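Biologist: I am new to this structure. Please show it and take me through a few of its features.

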Amino acid sequence: MSIHKQDWRQWADYKFEIGAYNVIYMLLDDVNKLIYVGEARDMVKRFNAHNASQTTWTHYKYNVLPDSLEPYRVSIERMLIRDLACLLKNEQNIKTINISEYKLINRKIDQ
């Protein structure tokens, strides 16, 4: 069992992703210094939904989880969101070390 890890890619390239199913992903806006973490069964379909509401994403990356971890995908996503909230400014005022000028914009962060 292994997780297939990806590097950052330009936002415009997401439409060409093949096999991006059962993923944890990150979106980056390097102009406004924003980061978003999400999960998806079908990443391209999910990104199309993001594109409708937020058109300033400049980069994305994702990790494909093994099928055996699909039932835990949301839990893994929430853990990553909470961990990043401890490092970056965030929407829920979670106490942070603030190691970057980037802001985590996820609204749902576990306490």
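Modeller: The turns below cover a pocket and two residues. This is a predicted model, with local features needing pLDDT of at least 70 and side-chain atom pairs counting only at pLDDT 80 or more, while totals for chains, interfaces and linings use all residues. Residues are numbered from 1 along each chain as its sequence is written, and side-chain values use heavy atoms, leaving out hydrogens and water.

Biologist: Which element gives the largest share of the lining of the second largest pocket?

Modeller: A pocket is an open set of 1 Å grid points over the protein atoms alone where a 1.4 Å probe fits, with protein on both sides within 12 Å along at least five of seven lines, and lining residues have an atom within 4 Å of a point. Helices (H or I, at least four residues) and strands (E, at least two) are DSSP runs, numbered from the N terminus. At least two lining residues come from each of β3, β5 and α2 (73–85). The largest share, four residues, comes from α2.

Biologist: Is Asn22 buried or exposed?

Modeller: Asn22 is in strand β3, and its phi is near 60°, a positive value in a residue other than glycine. Buried means under 20% relative accessible area, exposed over 50%, and partly exposed in between (1.4 Å probe, protein chains only). At 1% relative accessibility, Asn22 is therefore buried.

Biologist: What is the relative accessible area of Lys33?

Modeller: Lys33 lies in the loop between β3 and β4, with a positive phi near 60°. Lys33 is partly exposed, its relative accessible area being 24%.
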